[in-house]
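Got your viewer open and a selection box ready? Here is a short tour, stop by stop.

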Amino acid sequence: MSERTDYTETSVQSIYGSNCFSDSVMRERLPKNIYKEIQAVKAGEKELSLEVAEVVAAAMRDWAIEKGATHYTHWFHPLTGLTAEKHDSFISPTNDGKVLMEFSGKELIKGEPDASSFPSGGLRATFEARGYTAWDVTSPAFLKQDPTGTTLCIPTAFFSYTGHALDKKVPLLRSMDALSKQAIRVLRALGNTNSKRVVTTVGPEQEYFLVDKEYYDQRPDLMLTGRTVFGSMPAKGQEMEDHYFGAIKERVAEFMRELNTELWKVGVSAKTQHNEVAPNQFEIAPIFTTTNVAVDNNQVVMETIKKVARRHGMEALLHEKPFAGVNGSGKHNNWSIATDDGINLLDPGENPESNARFLLFAAAVIEAVDRYALLLRTSAASSGNDHRLGANEAPPAIISIFLGGPLTEIFDSIAEGKAAGKNTNLGKIKLGVTSLPSLPKDLSDRNRTSPFAFTGNKFEFRMLGSSQSIAPPNTYLNTAVAQVLAEFADKLEKASDKNAAIEAIVKESYAKHKRIVFNGNGYSEEWVKEAEKRGLPNVRATVDALPVLIDKETISLFESHNVFSKEELESRYHIYLERYSKQINIEAGVMVSMSRRSILPAVSSYVGSLARDTAALEAIGADNSAQKKQAKAIASLLKEAYEETEKLETVLAKAQNVEDVFKQAKTYQEEVVSQMNALREKIDNLEKLVDKKAWPFPGYEELLFKL
Ligand code: ADP
Ligand code: MG
């Protein structure tokens with residue numbers, strides 16, 4: 001399937017979106033009135049009727065079949081964090097033994113996969129296994145081309161018979177509605193009558209590693225867990241800082257070229273690519289788009305990275321920490337709020353009016369992040385990300401906001417109701433009257449250590465793990481901001497002097513929540529202490545981060561905006577805890593197996609041969625003290641490795657038998673993970689002493705440096 005597109009013959013424009021049932025394809029292929037209807041449905045002004053769906057389905061089918069599709073699927077986001085699809089062919093037999101290719105409006109709008117094997121966290125009683133999928137009209141259908149054929153993928157939402165969200169899409173769409181509703185209230189109160197809807201926009205930067213397939217296939221840990229559970233750092237790591245933004249190796253460049261082509265075809269706007277900090281680590285970023293589409297696109301990006309890597313004899317690792325000793329991988333969620341008529345509400349703009357609006361919306365984000373910091377923290381919690389957050393590479397586990405000097409000063413001066421400092425040269429800021437000094441668009445002192453940074457006209461949430469769906473962080477963020485905007489709107493709607501009201505709101509809000517603003521080095525020990533003084537939570541482990549999901553305040557937040565019901569939150573809490581335990585269980589199991597069945601026997605026979613060599617040297621009267629010393633050192637480490645393996649088996653068995661889901665996760669975190677670390681230390685030290693030829697697995701040299 002690996003095809004090299006020659007861009008001197010085929011233009012990017014002709015390829016872009018060729019496998020996407022995009023807006024322009026719809027405009028071309030649908031009758032004018034139907035196209036208009038669909039636009040209205042997309043804008044949330046109308047419900048999709050079956051008659052309209054019939055026409056769209058027929059056009060979609062014809063388009064897909066022309067492009068070689070034989071099947072269609074409702075493509076959805078179950079709570080596994082992956083995507084799911086069940087393929088149905090278009091065929092419909094006729095009486096004369098032939099077939100028609102059919103696809104009805106009903107089949108477009110609604111699917112009914114057997115939901116019983118997806119995690120539901122108790123939302124679906126076993127007697128009611130049915131789940132439904134419903135087309136997300138705002139995210140375009142696309143074609144997936146595989147060696148198995150071409151499939152029309154219809155982005156959908158997934159819910160139970162009783163209407164509970166079984167996926168990550170339904171709550172996300174609800175959160176976007178909630179934010180739109182409250183933002184529009186604020187805008188109306190400010191005198192805006194044009195904007196009809198507000199959306200959030202997201203541009204996620206995706207990091208990943210590539211390894212040669214030959215070595216990958218020899219590492220059961222990589223195959224089964226996505227990360228190396230053993231492995232000692234070679235003499236060289238990332239200390240030379242020679243990989244970041246370095247020239248891209250040819251083999252990788254070929255891969256990236258095909259990755260871009262594949263993404264462009266389905267209308268994913270792959271834009272930026274570069275080497276990342278760690279060896280064999282890379283990044284891809286698309287141009288931002290509406291959040292639900294960005295969520296779908298990011299899943300496509302992750303899938304396509306994996307697929308295309310295999311075509312090039314490589315395996316892509318999306319895990320947050322594939323290798324100890326070098327940086328792990330994250331995902332930066334660039335996020336903003338925009339109106340349907342093109343106003344970026346987090347852009348300071350050029351006149352006093354847009355400045356006032358900007359400060360109001362920015363204040364809402366600051367307040368939301370402070371009030372719901374734990375919720376945002378939990379949105380990035382996973383066993384993989386536990387290796388990064390707070391481990392001096394990714395942002396710390398403490399949520400704080402970087403605003404940059406000039407903006408901080410502006411907010412401070414408003415909050416203190418006094419003249420701004422000398423840098424901004426403002427005098428007293430009167431909102432709606434004074435223009436802001438121009439804020440640097442690309443803040444030059446961009447702080448890479450902040451988990452939540454203002455970057456000119458958007459915020460960048462940097463805690464996310466590389467393998468995770470970006471739906472939950474955006475769902476939580478949208479809802480948190482919606483809540484604060486709702487409170488702002490309540491006040492604004494009552495006020496007669498709008499400018500005075502904006503000023504009062506920003507002043508009160510910022511004064512109360514400025515503790516979340518921190519422009520310094522987030523990796524430093526001083527910050528940990530300072531954050532504690534400020535009362536900011538520092539939750540390092542997933543298991544401790546998850547309970548906020550079923551907190552009273554969380555439930556009331558999500559219920560009041562119709563994003564999650566209490567049951568839906570409980571189900572997620574349950575599923576995420578379970579997933580954590582399962583993940584650690586697999587990793588520990590892989591460790592035990594690699595240790596017992598490969599490493600310990602290999603080291604044992606190696607140290608035996610070393611001992612025999614030592615005896616042979618003695619027989620000829622040679623000085624064998626060096627060999628003896630080495631053999632002894634290995635033998636004693638080996639004994640310890642045996643003991644640690646046994647201990648791991650014991651705590652693993654213990655954890656497996658804990659009934660309560662929270663207590664079980666806690667046992668994995670407190671007892672299993674620490675024992676995994678203890679075993680790893682012994683094995684990694686052995687790897688440094690044992691003959692490379694005797695070691696049963698390829699090492700970090702091969703995995704990190706060969707491509
Ligand atoms: P960085 O300097 O952090 O590596 P990049 O240029 O790689 O930044 O990525 C920035 C991302 O932010 C891109 O995906 C870009 O499309 C996105 N972005 C830009 N403006 C907005 C916006 N208004 N809303 C959401 N995302 C945005
Ligand atoms: Mg970034």
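Before the first stop, one term: buried area is the accessible area, with a 1.4 Å probe, that two parts lose on being put together, summed over both. Also keep in mind that what you're looking at is a predicted model.

**Stop 1: colour by domain**

Make three selections: 12-167 for domain 1, 176-564 for domain 2 and 578-705 for domain 3. Now hide domain 1 and keep the other two. Taken over C-alpha atoms, the centres of domain 2 and domain 3 sit 39 Å apart. Where they touch, domain 2 puts in 37 residues and domain 3 puts in 29.

How much area do domain 2 and domain 3 bury between them? About 2,900 Å², and 68% of that is on carbon and sulfur atoms. To see who pays on the domain 2 side, show F230, S232 and V543 as sticks: these lose the most area to domain 3, together 24% of what that side buries.

**Stop 2: polar links across the interface**

Switch to charged side chains. Two salt bridges run between domain 2 and domain 3. Zoom in on D544 and K666, which form a salt bridge with their closest N and O atoms 2.6 Å apart. Counting polar contacts with both residues at pLDDT 80 or more, you get 13 residue pairs between domain 2 and domain 3.

Which elements supply the domain 2 side with two or more residues each? Select strand 10 (198-212), helix 7 (213-216), helix 8 (220-225) and helix 17 (542-545). Helix 8 gives the most, with five residues. Colour that whole side of domain 2 by residue class and it splits into 20 nonpolar, ten polar and seven charged.

**Stop 3: the magnesium ion**

Centre on ligand 2, a magnesium ion, and show E205, H332 and E460. E205 appears twice in the coordination list through OE atoms, joined by ND1 of H332 and OE of E460, at 2.0 to 2.6 Å. Along the chain, the donors follow the spacing E-x126-H-x127-E. E205 is in strand 10 and E460 in strand 18 (residues 459-461), so this pair ties together parts 255 residues apart in sequence.

**Stop 4: a long-range salt bridge**

The count of salt bridges comes to 45. For one of them, pick D296 and K169, whose side chains meet at 2.9 Å, N to O. D296 belongs to helix 10 (residues 291-311) and K169 to helix 6 (residues 169-189), so you are looking at distant parts of the chain, 127 residues apart.

**Stop 5: S18**

Finish at S18, in the loop between helix 1 (12-15) and strand 1 (20-21). What does S18 touch, leaving aside neighbours within four places in sequence? Select W63, K67 and K265. Then look back along the chain: a polar atom of the S18 side chain lies 2.8 Å from the backbone oxygen of I15. As a last distance to draw, try S18 to A40: their C-alpha atoms are separated by 24 Å, at 22 residues apart along the chain.

Methods
Residues numbered from 1 in each chain as written. Chains lettered and ligands numbered in written order. Predicted model: local features only at pLDDT ≥ 70, side-chain atom pairs only at ≥ 80, totals over all residues. Heavy atoms only, no water. Domains from an automatic or database assignment. Contact = heavy atoms within 4.5 Å. Salt bridge = Lys/Arg side-chain N within 4 Å of Asp/Glu carboxyl O. Polar contact = N/O pair within 3.5 Å; in protein donor to acceptor, adjacent residues only side chain to side chain. Helix = DSSP H or I, 4+ residues; strand = E, 2+ residues; numbered from the N terminus. Nonpolar A, V, L, I, M, F, W, Y, C, P; charged D, E, K, R; others polar. Donors = N, O, S within 2.8 Å, 3.2 Å for Na, K, Ca; no water.
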